[in-house]
Amino acid sequence: MAGGFNNMLHFVGVVEDTHDRTNAGRVRVRAFGIHPPRVSSDVEDSVPTAHLPWATVLDGSYGVSPVIPSIGDWVFGFFVDGREAQQPMIMGRLPGMHLNLPGGTGEPGEDGYLPPESIHNYGKPELHRYQGGEDLDKGQTLIQRSSQESFIEQALSEETFDEPPIAMPENNLNNRVFASKNGDNFIVMGDGAESESSDYILMSHSSGSVFQIDPNGTIFIKSFGDQYNTTDGVLSSYVTGSSHTNVQEDWSLKVETGSGKVFVSGDLDIECENFNVTARSNMNLHAGVKTNMSANGISVLATGDDINVGAKGNMKFATGDDDTKGGFYVQALSGDFHIDTYKTNMFSETYTKISCKGTPAVSEQTIPYADAGHHGIEINTPDIIHLDAGVNLSGKAGGKLSLEGTTIANLTAQKVDIVASGGTLNMKSSDIANLDSNATVQLGNGTQEAATSTISSIDSTRGAQKDLKDAQVSTTEVATVMSPGTLPKSQAKKKAIIKRLKSFITGIMPTGDD
């Protein structure tokens, strides 16, 4: 190395090996005029690549972004040890187009300065296509342009939008390109000095995935594979305009802890095939004006508690039509049916039927009163009960039939028949008994016994039920419907408050056994 720095030997050569096992970024260089060309292996004076000395690459970035020349690059440098030529250093790369064929591809002994490993660079322009504007049909450019989506329908809207176009290669020497060794992965820092359309930033991957900021400042990201976004802190998004998301397959959102909120100042429209909502605790729906539900069929099931329905105004039910003849059905075979009203009106277009099996009640319910043993049908009122039939009015009892009036009991008709078909007819009055007729009144005509038996009292047919005649027949439980506006805060917030409270108490409490 004596006199090396005083008598350095400069050279131009081609890189043939970059696999430096010391990870120092060194390369093997075949220096023209110093090392014989690599030709056929049977040539006696041929120098194999493995016998070339390792060259140190000078790094002007001071380690920030060191660049290692690629196989096939022509480089310029010097030998530190002068003509001994064993310690080369590379100062830079010589740009140019590879037009030499690899060694061994031509005639025997023909020089070839393009290693076989970089045959793909043969005839390739030196400048990147986003600087020279050539090779528009190479790389991912065609994939990106052909896969540009247009007329994408916005959700629940007739409006459409297009993907912004990706910048195409152009002849612009003002562009700055940071490319991988093969040039398929690159970043373009466009320069708008020549044209406004060149003022962009483009980061492109060989797969076609791209990130772009166009001259208008529009940011476009497109992935030809999967895309993941993980944030350990807070992720905030603020959009002063509109936000649209189109998903071709499934979409899901999961909040691991805490609560979720959605606030929309205008309308919120949701359209789907099946709409399923599961609430592990309570589900609350609140509308400031009205809640409307429409479906081909509606089912409501309470599996462990009551169903409460309340209305400030009227509660209306309408069922069926001339085609379906749908009705209104209520079934409570193991419980009670109560209706409490200020006025009760019932209307039937064809007939009204009230039936009861008369099985004595065995329930242990105490509302409205203890009803074990009660049976039959009762109609009670402290005033008037009026039965009016346009044609016939019939009453029939398999046992006793009792009619009682504390003041007057009247039977009025064009003809009145009172017949004891197989037993005794008893008529009795504690005061005056009057029989009046415009024709003949007959008494004792064939009568076998006097009317000494007492009329059967209506109370005797009622048993234990007679003492509850004036009691409130129905005590319907009033529905308690809670407005979501008055609901307590979520359990997640409660837990957070308790946690902060415990932390505060722990902070102010003295330490020690006390």
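Methionine 293 sits in the loop that runs between strand 12 (219–222) and helix 3 (491–508), in what is a predicted model. With a relative accessibility of 65%, methionine 293 counts as exposed, because the threshold for that class is over 50%. Its side chain belongs to a nonpolar surface patch of about 1200 Å², to which Ile298, Val300, Ile307, Val309, Met315, Phe317, Phe328, Val330, Phe337 and Ile339 also contribute.

Two members of that patch, Phe317 and Phe328, lead on to the aromatic pairs, of which the count comes to three. One of these pairs is found elsewhere, between phenylalanine 11 and phenylalanine 79, whose rings are 4.8 Å apart centre to centre, with 40 degrees between the planes, and the pair is classed as tilted. Since phenylalanine 11 belongs to strand 1 (residues 9–17) and phenylalanine 79 to strand 4 (residues 74–79), this pair ties together parts that are 68 residues apart in sequence. Phenylalanine 11 is buried, at 4% relative accessibility, and phenylalanine 79 is likewise buried, with a relative accessible area of 0%; both classes follow because buried means under 20%.

Phenylalanine 317 and phenylalanine 328 form a pair as well: their ring centres are 5.6 Å apart and their planes stand at 45 degrees, so this pair too is tilted. Here phenylalanine 317 and phenylalanine 328 both lie in the loop between strand 12 and helix 3, so the parts that the pair ties together are eleven residues apart in sequence. Phenylalanine 317 is exposed, with a relative accessible area of 59%, and phenylalanine 328 is also exposed, with a value of 54%.

The strands that hold phenylalanine 11 and phenylalanine 79, strand 1 and strand 4, bring the reader to the barrel. Strands of a sheet pair through backbone hydrogen bonds, in either a parallel or an antiparallel sense. In this closed barrel five strands follow one another in the order 1-2-3-5-4, and the pairing is mixed. Neighbouring strands of the barrel are turned against each other by 55 degrees on average, with direction ignored. Within the barrel, strand 4 pairs with strand 5 (residues 88–94) in the antiparallel sense, and six bridges join them; phenylalanine 78, for its part, has methionine 89 of strand 5 as its bridge partner.

A further sheet is open and antiparallel, with its five strands in the order 8-9-10-11-12. Strand 8 (176–179) and strand 12 are its edge strands, each of them pairing on one side only. Between neighbouring strands of this open sheet the average turn is 5 degrees, again with direction ignored. Inside the sheet, strand 10 (residues 201–204) and strand 11 (residues 210–213) run antiparallel and are joined by four bridges, and isoleucine 201 has isoleucine 213 in strand 11 as its bridge partner. Strand 12, at one edge of this sheet, is also the strand from which the loop holding methionine 293 leads towards helix 3.

Helix 2 (residues 141–146) remains to be placed, and threonine 141 lies in it. Threonine 141 counts as buried, at 2% relative accessibility, which contrasts with methionine 293, exposed at 65%. The C-alpha atom of threonine 141 is separated by 8.9 Å from that of alanine 167, although these two residues are 26 residues apart along the chain.

Technical notes. Residues numbered from 1 in each chain as written. Predicted model: local features only at pLDDT ≥ 70, side-chain atom pairs only at ≥ 80, totals over all residues. Heavy atoms only, no water. Patch = residues over 30% accessible without salt bridge, like charges linked within 9 Å, V, L, I, M, F, W, Y side chains within 5 Å. Areas by Shrake-Rupley, 256 points an atom, 1.4 Å probe, with all protein chains shown as cover. Salt bridge = Lys/Arg side-chain N within 4 Å of Asp/Glu carboxyl O. Helix = DSSP H or I, 4+ residues; strand = E, 2+ residues; numbered from the N terminus. Buried < 20%, exposed > 50% of the residue type's maximum accessible area, 1.4 Å probe, protein only. Pairing = 2+ DSSP bridges. Axes fitted to C-alpha atoms, helices over the stretch in contact; angles between N-to-C directions. Phe/Tyr/Trp six-rings, centres within 6.5 Å; stacked < 30°, edge-to-face > 60°.
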